[in-house]
Amino acid sequence: MQWTKVLGLGLGAAALLGLGIILGHFAIPKKANSPAPQDLDLEILETVMEQLDAHRIRENLRELSREPHLASSPRDEDLVQLLLQRWKDPESGLDSAEASTYEVLLSFPSQEQPNVVDIVGPTGGIIHSCHRTEENVTGEQGGPDVVQPYAAYAPSGTPQGLLVYANRGAEEDFKELQTQGIKLEGTIALTRYGGVGRGAKAVNAAKHGIAGVLVYTDPADINDGLSSPDETFPNSWYLPPSGVERGSYYEYFGDPLTPYLPAVPSSFRVDLANVSGFPPIPTQPIVCALGCPVNVSVYNRLELRNSSNVLGIIRGAVEPDRYVLYGNHRDSWVHGAVDPSSGTAILLELSRVLGTLLKKGTWRPRRSIVFASWGAEEFGLIGSTEFTEEFFNKLQERTVAYINVDISVFANATLRVQGTPPVQSVVFSATKEIRSPGPGDLSIYDNWIRYFNRSSPVYGLVPSLGSLGAGSDYAPFIHFLGISSMDIAYTYDRSKTSARIYPTYHTAFDTFDYVDKFLDPGFSSHQAVARTAGSVILRLSDSFFLPLKVSDYSETLRSFLQAAQQDLGALLEQHSISLGPLVTAVEKFEAEAAALGQRISTLQKGSPDPLQVRMLNDQLMLLERTFLNPRAFPEERYYSHVLWAPRTGSVVTFPGLSNACSRARDTASGSEAWAEVQRQLSIVVTALEGAAATLRPVADL
């Protein structure tokens with residue numbers, strides 16, 4: 001009995017001990033083999049590259065450019081619905097799609113009173129009237145929806161005066177005329193496109209008392225000197241003699257009535273009389289008028305119109321709060337086959353391929369992808385600007401990068417990319433893996449380097465990236481939000497043409513047949529751009545470590561510093577201004593960027609904590625924001641990036657410093673102009689020191 005009791009107690013104790021061991025085994029935390037973090041899947045990447053179809057891109061373009069689709073027109077709204085339909089398709093659609101509408105101020109010519117330019121004789125009789133419309137060469141230039149050539153936002157008026165040729169309409173052109181003793185007050189200035197912005201021509205002219213401005217396209221600038229009908233479209237890619245370039249003459253971007261605010265019903269609107277940035281005098285684009293005097297009758301009108309953005313979203317599986325944005329505008333001046341529909345045709349094909357993988361359950365990105373079709377870009381980047389104004393904080397906190405594909409194919413010779421330095425690495429990686437169109441077996445990268453290249457002190461000979469101005473919807477993202485951005489396109493062989501842009505730009509001859517026959521027969525260049533953009537999207541949205549290389553900014557900063565030292569150093573010394581703090585700030589940035597790159601390299605060799613990688617990725621993502629200073633350029637609107645703001649000075653260095661030195665050069669020490677030089681130098685130094693601090697380990701304050 002006692003033995004049985006002891007045995008029972010022993011067995012009970014053993015059972016309790018065993019239970020404790022089992023519980024302890026599961027209760028004590030252990031370093032288990034965690035699944036590998038989601039990273040770029042090369043098989044998925046290859047699948048996407050294979051499935052991007054040139055024929056589908058061609059058919060997209062045919063549909064998109066079938067009719068004129070001026071911003072806010074019925075056809076523009078039809079295309080909004082087309083995008084929504086594609087992005088909600090049950091087999092190839094995205095997670096969600098929606099349109100958002102803004103009420104914005106646009107400008108149109110009067111249909112009842114068309115704009116007119118007449119040449120009059122000594123007695124006041126009309127000798128010649130310039131064509132109001134372009135010649136109906138292919139049957140597509142004469143429809144009721146083809147807007148007549150006009151200068152959007154130019155005021156109405158009927159000035160009359162002697163015609164004075166003013167070259168490009170730059171300030172120096174008008175000063176040269178005055179030097180020659182030519183009286184400008186009350187005249188009509190005839191200017192060529194190019195050289196300065198459209199609106200600047202009218203602003204410069206008005207300063208000299210000129211009553212009106214005419215703008216024409218010089219065949220020498222876009223047609224390599226060819227202009228006869230048998231040498232131009234539809235017989236070649238050159239602009240027919242009657243072609244006239246339309247465009248916005250508004251000097252800023254965004255809705256004119258709601259600067260820095262989204263154009264929603266609750267927003268304050270500036271009184272129309274106080275709006276700035278419009279041309280101060282009547283302006284009209286023409287074929288080319290010779291003779292004098294000239295009567296100019298402009299009957300443009302301003303209208304509040306609804307314009308829509310369309311967004312399509314693929315939610316990220318791991319980091320849904322990090323966004324990779326890919327966008328293009330939708331509106332055009334007429335048919336817009338090249339500008340912008342070549343880009344939208346690619347947008348639709350990319351979203352189809354990714355949407356199909358999504359719906360099949362084959363793939364979901366690590367980070368969210370947002371596809372965007374912007375409204376009213378041609379009037380001044382309105383849709384994208386309103387979007388950045390409405391979601392300013394959210395986008396600044398969460399956006400990894402913005403990819404813009406507007407005109408996807410200017411011509412079919414080579415890739416051309418504009419962007420900020422951190423995106424260089426991901427673009428290079430993508431293009432090295434994609435075959436270039438045409439004969440031979442070159443990659444897009446190897447073909448690109450043949451046309452546009454530079455010598456890098458770090459990498460040797462590499463393709464050169466252009467810088468981003470304000471020519472498309474990337475502008476508010478880089479200049480206003482400080483988001484690393486890029487613009488991707490195929491373009492010309494500069495040794496074979498001197499065209500400043502493709503010849504039918506903003507005319508009624510920018511049609512599907514123009515692209516199909518002359519720009520890109522077979523659409524292989526469109527496909528190459530789609531593959532490049534698609535690879536960049538996947539690398540940015542799926543890679544565990546963000547493929548943004550901040551150390552590539554070091555080359556830019558060093559180049560800017562050397563230019564300041566060589567071209568401004570002596571001048572600054574004369575006014576007791578030292579570049580020493582700038583030298584130190586650049587060196588700090590270089591050191592911190594290199595150290596961050598080393599930390600990333602070390603982590604990539606191990607199995608890092610995803611949270612640790614997330615913190616590093618945020619440093620990469622947020623670096624661009626550190627170069628923003630909203631008070632750096634009070635005379636500019638939306639420009640706050642101290643490295644990429646407009647530069648009017650001749651020295652290729654930090655723009656604020658270059659511009660300030662240019663204005664102060666001929667003034668005395670102690671003047672306000674030299675105080676501004678010192679302020680701009682301090683702004684740059686502070687920005688660089690802040691950037692270096694952002695790159696340090698996050699726990700290091």
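**Backbone exceptions, enclosed space and selected contacts**

Ala 376 sits in the loop that connects strand S14 (367–374) with helix H9 (382–390), where helices (H or I, at least four residues) and strands (E, at least two) are DSSP runs numbered from the N terminus. The model is a predicted one, in which local features need pLDDT of at least 70 and side-chain atom pairs count only at pLDDT 80 or more, while totals for chains, interfaces and linings use all residues. Residues are numbered from 1 along each chain as its sequence is written, and side-chain values use heavy atoms, with hydrogens and water left out.

The phi angle of Ala 376 is near 55 degrees, a positive value in a residue other than glycine. Most residues other than glycine have a negative phi, and most peptide bonds are trans. Ala 376 is also buried, at a relative accessible area of 0% (buried means under 20% relative accessible area, exposed over 50%, partly exposed in between, with a 1.4 Å probe and protein chains only). Tyr 638 is another non-glycine residue with a positive phi, here about 75 degrees. Its place is the loop between helix H18 (610–622) and helix H19 (655–664), and Tyr 638 is buried with a relative accessible area of 2%.

Cis peptide bonds come next. One runs from Phe 233 to Pro 234, with omega near 15 degrees; Pro 234 belongs to the loop between helix H7 (219–222) and strand S9 (247–248). Another joins Asp 339 and Pro 340, where omega is about 10 degrees, and Pro 340 lies in the loop between strand S13 (319–329) and helix H8 (341–359).

Asp 339 also takes part in lining enclosed space, as one of the residues around the second largest cavity. On a 1 Å grid over the protein atoms alone, a cavity is a set of points where a 1.4 Å probe fits but cannot get out, and a pocket is an open set with protein on both sides within 12 Å along at least five of seven lines; lining residues have an atom within 4 Å of a point. A search of the whole structure gives four cavities of 30 Å³ or more. The largest holds about 70 Å³ of space, a volume being the space filled by probe spheres set on grid points joined across faces, edges and corners. Its lining includes Asn 115, Cys 130, His 131, Arg 132, Pro 149 and Val 244. Strand S2 (116–120) and strand S10 (283–286) each supply at least two lining residues, and S10 contributes the most, with three. By class, this lining comprises seven nonpolar, four polar and one charged residue (Ala, Val, Leu, Ile, Met, Phe, Trp, Tyr, Cys and Pro count as nonpolar, Asp, Glu, Lys and Arg as charged, and the others, Gly among them, as polar).

The second largest cavity has a volume of about 40 Å³. Besides Asp 339, its lining includes Trp 333, Glu 378, His 506, Thr 507 and Asp 510. The classes here are two nonpolar, four polar and three charged residues.

Among the open sites, the second largest pocket has a volume of about 520 Å³. Of its 24 lining residues, Leu 70, Gln 111, Pro 144, Asp 145 and Val 147 are the closest to its centre. Helix H4 (74–87), strand S1 (96–109) and strand S12 (300–314) are the elements that give two or more residues to this lining, with H4 giving the most, three. The lining divides into 10 nonpolar, seven polar and seven charged residues.

Glu 134 occupies the loop between strand S3 (126–129) and strand S4 (151–152) and counts as buried at 5% relative accessibility. Its side chain reaches the backbone nitrogen of Ala 508 at 3.4 Å, which falls under the polar-contact definition (N or O atoms within 3.5 Å; within protein, one must be able to donate a hydrogen and the other to accept it, and residues adjacent in sequence count only if both atoms are side-chain atoms). Leaving aside neighbours within four places in sequence, the contacts of Glu 134 (heavy atoms within 4.5 Å) include Pro 149, Val 244, Arg 246, Thr 507 and Phe 509.

Further along the chain, helix H14 (residues 512–519) has Phe 512, Tyr 514, Val 515, Asp 516 and Leu 519 as its buried residues. Their cover includes helix H3 (54–64) and helix H15 (524–542).
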